[in-house]
Amino acid sequence: MALAGTLKEADITAALAACKAAESFKHKEFFAKVGLSAKSADDIKKAFGVIDQDQSGFIEEEELKLFLQNFSASARALTDAETKAFLKAGDIDGDGMIGIDEFASMVKA
């Protein structure tokens, strides 16, 4: 995975295990467990670039649904409820997408 170089494999495994069950994903806990919260602005920007799969400069709902799979190809997709809650938490300006500044704020919150 593209994020494996930035994050520790053991942290990724632990973070994914903690949200393996449907409806158990909590973005704040995930960012802390995976080690992203402690990373530099540059590393957070790199992570954003991986998650923004279409390179539009925004993370849209469909990309959020597949969020965990950016950390491991075998990870589950987020449920619709988790995806909507994640988007709502990050979409500060209400445009239906998460930009880099919004993502960075979410990771550091």
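A residue counts as exposed when its relative accessible area is over 50%, and as buried when that area is under 20%. In this predicted model, A38 has a relative accessible area of 72% and is therefore exposed. A38 is located in the loop that runs between α2 (27-34) and α3 (41-51). Although A38 and V107 are separated by 69 residues in sequence, their C-alpha atoms are 8.8 Å apart in space.

N70 occupies another loop, between α4 (61-65) and α5 (80-90). With a relative accessible area of 4%, N70 is buried, because the limit for that class is under 20%. The side chain of N70 makes a polar contact of 3.1 Å with the side chain of Q53.

The UniProt entry, which is unreviewed, carries the annotation "domain: EF-hand" for residues 39-74 and 78-109. In the model, the span 39-74 is 44% helix and 6% strand, and its end C-alpha atoms lie 24 Å apart. For residues 78-109 the corresponding values are 62% helix and 6% strand, with the end C-alpha atoms 21 Å apart.

The count of salt bridges comes to 4. One of them joins the side chains of K46 and D43, with an N to O distance of 3.7 Å. Both residues belong to helix α3, where K46 and D43 are 3 residues apart, or about one turn of the helix. K46 is partly exposed, at a relative accessible area of 48%, whereas D43 counts as buried at 18% relative accessibility.

Two further salt bridges connect helices α4 and α5. The side chains of E61 and K84 meet at 2.8 Å, N to O. Because E61 lies in helix α4 and K84 in helix α5, this pair ties together parts that are 23 residues apart in sequence. E61 is partly exposed, with a relative accessible area of 30%. The side chains of K65 and D80 form a salt bridge of 2.5 Å, N to O. This pair also links distant parts of the chain, with K65 in helix α4 and D80 in helix α5, 15 residues apart. D80 has a relative accessible area of 52%, so D80 falls in the exposed class, which begins over 50%.

The largest pocket has a volume of about 190 Å³. Its lining consists of E9, I12, T13, L16, A17, C19, K20, L68, S72, S74, A75 and R76. By residue class, this lining divides into 6 nonpolar, 3 polar and 3 charged residues.

Methods: Residues are numbered from 1 along each chain as its sequence is written. This is a predicted model: local features need pLDDT of at least 70, side-chain atom pairs count only at pLDDT 80 or more; totals for chains, interfaces and linings use all residues. Side-chain values use heavy atoms; hydrogens and water are left out. On a 1 Å grid over the protein atoms alone, a cavity is a set of points where a 1.4 Å probe fits but cannot get out, and a pocket is an open set with protein on both sides within 12 Å along at least five of seven lines; lining residues have an atom within 4 Å of a point. Grid points are joined across faces, edges and corners, and a volume is the space filled by probe spheres set on the points. Ala, Val, Leu, Ile, Met, Phe, Trp, Tyr, Cys and Pro count as nonpolar, Asp, Glu, Lys and Arg as charged, and the others, Gly among them, as polar. Helices (H or I, at least four residues) and strands (E, at least two) are DSSP runs, numbered from the N terminus. Buried means under 20% relative accessible area, exposed over 50%, partly exposed in between (1.4 Å probe, protein chains only). A polar contact is a pair of N or O atoms within 3.5 Å; within protein, one must be able to donate a hydrogen and the other to accept it, and residues adjacent in sequence count only if both atoms are side-chain atoms. UniProt positions are given in the numbering used here, feature names are shortened, and annotations may be inferred rather than shown by experiment.
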